[in-house]
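I opened my notebook to look up a few spots in this structure, one entry at a time. Here is what I wrote down.

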Amino acid sequence: MSEDTQRRSMTRRTRDFTVLIGTTGVVLLLLVATGALGLIEALSALGVIASVAMAYFAGSAARVPRSVSEAWPEKPAPDVAEASPALLSALPLPALEIGPGQKIAAYNRPADDLFQLASLPFARASAVIRSPVLLAAIDQALERSSLGAFSAELETGPDETWRAHVSRIPAGKTVLVLLEDLTPVKRAARARADFLANASHELRTPLTAVSGFIETMRGPAKDDTAAWPRFLDIMAGETDRMRRLIADLLSLSRIESSEHMLPRGREDFTEIVAASIAALQPIAAEQGITLKVEAPSAPIREITAHRDELIQVVENLVSNAVKYSQPGSEVTVVFGAAPSLAEARTTASQRWELSQRMTLLQALARSQLPEAAVWLRVEDQGPGIEREHLPRLGERFYRADQSRGGKITGTGLGLAIVKHIMAHHRGGLAVETRLGEGTAFGVWMPAARD
Ligand SMILES: Nc1ncnc2c1ncn2[C@@H]1O[C@H](COP(=O)(O)OP(=O)(O)O)[C@@H](O)[C@H]1O
Ligand SMILES: [Mg+2]
């Protein structure tokens, strides 16, 4: 019996009681007035009838279903909806109120989004909750009158974890199930652990090589001084690799720690690109690669940026293009302005037909209105990148050519740095590639407001 029916039957009984006493009173009054009944008899009759009516009233009030009256001797209790629905709807986490028989009595919008409850009217908890542990906890909470709270982690998918909190609603007979999404927390913890493991591994590899050669030069090759220059070359290469790795790790950590500080300085994008290219020309020349720049004909809007960080973006993209291309090929840097972020993205990263494309970072629009933007595209004639690698570019330590066993050394941090910096500038990053023909990386970001 719900709270509503309880209340309705109560009003009905009160009404019957009043009508009975009222009519009896009127009839007796008429009889007294006409002299048919003495005043004393009339009053005693009214008393008798009133006590009979009182007895009926009390009796019918007690005639509630046994199970409910036994569980709630002090007052008739409702079956469901004991937590205020308003309270549930104010909760930002998925919440369900579950009543006897595991019936879902109430839920809020996040819970509906999670379980699609609107399409399952009057569902039982077991229809939407798959975890036997959680269902058992709900049963226990429903049966036990104690208010012990229960919480458990539930693996709901390969990379999805929720924590469920089950608690009995005080002085009620329903339980509240509150769900908390642990997925991002778990993912961050795993990323941190992976990062540490990767960083230590990457540092240990060259260190092992160096100490190996030291041992060789002390022992077996002690007198083979003719071989020493070769060993020293390898050792120098390995220490160089460690130095680069540490430099990349440091710049990644610097970018991360300044992430909350938005770029302030107003910079000239054309000048930033020119400065970066000037530094890269000698490296390209050394590799036998022609580095070309196509600058826009008209001056472009200023940007709000960290100059050093944007220089790092251009340097990383161009040095990758140079590093992964064959001598004799060309690397082209094109840049310009666009009336909106969307157009900047298209111009920067969607130029080739029959190419594989992937947006690695989406620029966040500040408003619905188009926002003036700048873009830059670095194109090479290198080997291209196989499709399966594309989604993982920009992950720390991810190197697509690891399996190729190439001699090209790298840290696998360059694109992670680029992605981080572009995110810091509310910009985007995308790749476009054709196997055997070349790769292009595009970046774009909003221009400074006037
Ligand atoms: N222009 C490019 N052409 C082909 N592959 C590229 C290019 N740029 C990046 N890659 C691939 O992406 C991976 C990640 O790049 P990056 O983060 O700069 O690391 P690194 O250059 O130190 O290996 C590289 O290892 C390489 O496999
Ligand atoms: Mg690189």
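**Entry: T290**

I looked up T290 and found it in strand β7, which covers residues 290-294. Keep in mind that this is a predicted model, and I read each entry that way. Is T290 buried or exposed, or something in between? Its relative accessible area is 41%, and since buried means under 20% and exposed means over 50%, T290 goes down as partly exposed. Next I checked a partner for T290 along the chain. E330 is 40 residues away in sequence, but the two C-alpha atoms are separated by 4.8 Å.

**Entry: three more spots with a partner in space**

I did R163 next. R163 is in strand β4, residues 160-168. At 27% relative accessibility, I put R163 down as partly exposed. I then took L182, which is 19 residues from R163 along the chain, and got 6.5 Å between their C-alpha atoms.

Then I went to W228, which is in helix α9, residues 228-257. W228 is partly exposed too, with a relative accessibility of 27%. T216 is 12 residues from W228 along the chain, and their C-alpha atoms are separated by 9.8 Å.

After that came T347, in helix α12, which takes in residues 341-349. Its relative accessible area is 28%, so I wrote "partly exposed" beside T347. How far apart are T347 and G442 in sequence and in space? They are 95 residues apart in sequence, and C-alpha to C-alpha I got 8.4 Å.

**Entry: H425 and its contacts**

I found H425 in the loop between α13 and β12, with β12 being residues 428-434. The relative accessible area of H425 is 4%, and because the cut-off for buried is under 20%, H425 counts as buried. What does the side chain of H425 reach? It reaches the backbone nitrogen of H306, at 3.0 Å. I noted a second contact as well: a polar atom of the H425 side chain lies 2.9 Å from the backbone oxygen of I421.

**Entry: T439**

T439 is in strand β13. With a relative accessible area of 5%, T439 is buried. I also looked for a polar contact of its side chain, and there is one with the side chain of T433, at 3.2 Å.

**Entry: ligand 1**

Now for the ligand. Where does ligand 1 sit? I found ligand 1 in the largest pocket. Three elements give two or more residues to the shell around ligand 1: α11 (307-323), α13 and β13 (438-446). Of these, α11 makes the largest contribution, three residues. So that is where T439's strand turns up again, as β13 is on that list.

Which residues come nearest to ligand 1? Of the 19 residues around ligand 1, I listed D380, R399, T411, G412 and L415 as coming nearest. Sorting the shell by class, I wrote down nine nonpolar, six polar and four charged residues.

I then looked at single atom pairs. A nitrogen atom of ligand 1 is 2.7 Å from a polar side-chain atom of D380. On the backbone side, a polar atom of G412 is 2.8 Å from an oxygen atom of ligand 1. G414 also has a polar backbone atom by an oxygen atom of ligand 1, at 3.1 Å. How much of ligand 1 does the protein bury? Taken alone, ligand 1 exposes 530 Å², and the protein buries 98% of that.

**Entry: two odd phi angles**

Last, I checked backbone angles. Most residues other than glycine have a negative phi, and I wanted to see exceptions.

Q102 is one of them: its phi is positive, about 60°, although Q102 is not a glycine. I placed Q102 in the loop between β1 (95-99) and β2 (103-107). Q102 counts as buried, at 11% relative accessibility.

F397 goes beside Q102 in my notes. The phi of F397 is near 70°, a positive value, and F397 is not a glycine either. F397 lies in the loop between β11 (373-380) and α13 (414-424). At a relative accessible area of 7%, F397 is buried.

Terms used. Residues numbered from 1 in each chain as written. Chains lettered and ligands numbered in written order. Predicted model: local features only at pLDDT ≥ 70, side-chain atom pairs only at ≥ 80, totals over all residues. Heavy atoms only, no water. Helix = DSSP H or I, 4+ residues; strand = E, 2+ residues; numbered from the N terminus. Buried < 20%, exposed > 50% of the residue type's maximum accessible area, 1.4 Å probe, protein only. Near = heavy atom within 4 Å. Polar contact = N/O pair within 3.5 Å; in protein donor to acceptor, adjacent residues only side chain to side chain. Areas by Shrake-Rupley, 256 points an atom, 1.4 Å probe, with all protein chains shown as cover. 1 Å grid on protein atoms, 1.4 Å probe; cavity = no way out; pocket = protein on both sides within 12 Å on 5 of 7 lines; lining within 4 Å. Sits in = over half its atoms within 2 Å of the grid points. Nonpolar A, V, L, I, M, F, W, Y, C, P; charged D, E, K, R; others polar.
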